[in-house]
Amino acid sequence: MTDLPADLTADQPMTQLAEADVAICGAGPIGAATAIFLARPDLRVVLIDHDPADDPAHVATYRYSGGSIRWTWPDPVKREMTTQTEQFIRGAAADADAELGMIENTYHLLHTGEHIPALNVSATGLVGLLRDQAQEAGATLVDALVTGVRPDGSGHVVETSRGAIRAGRVLGAMGAANASVFPQVSAEAEKRQLFVLDLPVPPEREQLPHTIVPIGDGFGYVFVKLIDGQLRVVVGQEDIVEDEDTSGPVDHWKEILDSGLATTLPWLRDARVDDILWGVDTAQKTLVVDEPSPGVLVANCGSAIRSAAWLGRTLAERLALEN
């Protein structure tokens, strides 16, 4: 057995079976946040993930997410999840080196008349920060693709594209990719899309609230987001258009407009789509944990960016208790 260096990059060989107390498969918002709260000097934590830019199936969904966070919810669990994450992000934003692209804005729920505080952040920036903090806390980051997990005596062996890692406990936190390694997972996957429009964002539009528009049995949502250094108008939808094609983006913009969005927000009527951000996410937006075998936890949560700190703390507490 061998201990791993603090950061095992893709060009470093892993020639011997490495050993850890906890192996976390996936370094997105759930995995990286868990490593922050779990890592300590007497616990060897390994965070395993391949380059998120190499993601042809778009299962690293945070890279294509809206990054919007509000913490006013009637559901007390969602309220706790998002409040803890908002507080964590504000603390991180105090660090001048944290590139979070944070926008202080609001949500305007047209169907209830509510106008509530919110944040918008760069999801990739936040995940990068979480990874950095996990390593600073003592976790090892391994640049590899997880290919399987199998029992081994009192622990488990995580098979990766770089070699094997033996761990007492394993957390699956790879989003939609969890199902490829842990087929027993109960969380449902769904495709999500955001339409980046060609509309200008002059000063009088910069303070546009994150506007929620009820349409039939679903909702459209319109907001301003910092993308590649520019403020852009972005539109998403839930339950207006059904789209089970997870192989790539599909342009439903005209259908969304014609469903009633253009009637409520006529300034969108002549907009054109510049880009479609799409990904495969978990349908459930509260934590779903499966334990396919003793010592292995598989965690899924839709829109994990907005709940990352709560998810990490909750899972770290469970893993620490079960070690």
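Trainee: Is Asp 228 buried or exposed?

Mentor: Good place to start, and remember that this is a predicted model. Asp 228 sits in the loop between E13 and E14. Its phi is near 50°, a positive value in a residue other than glycine. The cut-off for exposed is over 50% relative accessible area, and Asp 228 has 79%, so it counts as exposed.

Trainee: Where is Ser 303, the other non-glycine residue with a positive phi of about 50°?

Mentor: Ser 303 has that positive phi although it is not a glycine. As for its place, look in the loop between strand E17 (296-300) and H7.

Trainee: Now the sheet, please. Which strands stand at the edges of the open sheet?

Mentor: The sheet has eight strands in the order E4-E6-E5-E12-E13-E14-E11-E15, with mixed pairing. Its twist averages 30° from one strand to the next. An edge strand has a single partner strand, so one side is left without a neighbour in the sheet; here the edges are E4 (68-70) and E15.

Trainee: Which residue stands opposite Ser 68 in E6?

Mentor: E4 and strand E6 (residues 114-120) pair in the antiparallel sense, over three bridges. Across from Ser 68 in that pairing you find Asn 120.

Trainee: And at E15, which residue stands opposite Lys 191?

Mentor: Strand E11 (residues 189-197) and E15 run antiparallel and are joined by nine bridges. In E15, the residue opposite Lys 191 is Val 280.

Trainee: How many of the ten residues of strand E15 are buried?

Mentor: E15 stands at an edge of the sheet, with a single partner strand. Even so, strand E15 (residues 273-282) is largely enclosed by the rest of the structure, because the number of its ten residues that are buried is seven.

Trainee: What covers the buried residues of H6?

Mentor: The buried residues of helix H6 (residues 253-264) are Trp 253, Ile 256, Leu 257, Gly 260, Leu 261 and Ala 262. H6 lies across five strands of the sheet and runs at about 100° to E12. The cover for those buried residues includes E11, strand E12 (210-215), strand E13 (218-227), strand E14 (230-238) and E15.

Trainee: How are H2 and H7 oriented to each other?

Mentor: Two packed helices are described by the angle between their axes and the distance between the axes. Helix H2 (residues 76-93) and helix H7 (residues 308-321) have axes 6 Å apart and an angle of about 105°. The range from 65 to 115 degrees counts as roughly perpendicular, and H2 and H7 are therefore roughly perpendicular.

Trainee: How do the residues of the contact of H2 with H7 divide?

Mentor: On the H2 side are Glu 80, Met 81, Gln 84, Thr 85 and Phe 88, which meet Ala 308, Ala 309, Trp 310, Leu 311 and Arg 313 in H7. They divide into six nonpolar, two polar and two charged.

Trainee: On to salt bridges. Which residues does the network with Arg 44 join?

Mentor: The model's count comes to 15 salt bridges. One of them pairs Asp 21 with Arg 44, the closest N and O atoms being 3.4 Å apart. Asp 21 is in strand E2 (residues 18-25), while Arg 44 is in the loop between helix H1 (29-38) and strand E3 (45-49). Salt bridges that share partners make one network of Glu 19, Asp 21 and Arg 44.

Trainee: How many residues apart in sequence are the parts tied together by Arg 232 and Asp 274?

Mentor: The side chains of Arg 232 and Asp 274 meet at 2.7 Å, N to O. Arg 232 lies in strand E14 and Asp 274 in strand E15, so the salt bridge ties together parts whose separation in sequence, in residues, is 42.

Trainee: Is Lys 285 buried or exposed?

Mentor: Lys 285 forms a salt bridge with Glu 238, at 2.7 Å from N to O. Glu 238 is partly exposed, with a relative accessible area of 30%. The cut-off for buried is under 20%, and Lys 285, at 18%, counts as buried.

Trainee: Last one: which residues does His 108 touch, not counting those up to four places away in sequence?

Mentor: His 108 is in strand E5 (residues 103-109), and at 26% relative accessibility it counts as partly exposed. With that exclusion, its contacts are Glu 114, His 115, Pro 209, His 210, Thr 211 and Ile 212.

Methods:
Residues are numbered from 1 along each chain as its sequence is written. This is a predicted model: local features need pLDDT of at least 70, side-chain atom pairs count only at pLDDT 80 or more; totals for chains, interfaces and linings use all residues. Side-chain values use heavy atoms; hydrogens and water are left out. Buried means under 20% relative accessible area, exposed over 50%, partly exposed in between (1.4 Å probe, protein chains only). Helices (H or I, at least four residues) and strands (E, at least two) are DSSP runs, numbered from the N terminus. Two strands pair if DSSP finds at least two bridges between them. Contact means heavy atoms within 4.5 Å. Axes are lines fitted to C-alpha atoms, for helices over the stretch in contact, and angles run from 0 to 180 degrees between N-to-C directions. Angles under 35 degrees count as roughly parallel, over 145 as roughly antiparallel, 65 to 115 as roughly perpendicular and the rest as oblique. Ala, Val, Leu, Ile, Met, Phe, Trp, Tyr, Cys and Pro count as nonpolar, Asp, Glu, Lys and Arg as charged, and the others, Gly among them, as polar. A salt bridge is a side-chain nitrogen of Lys or Arg within 4 Å of a carboxyl oxygen of Asp or Glu.
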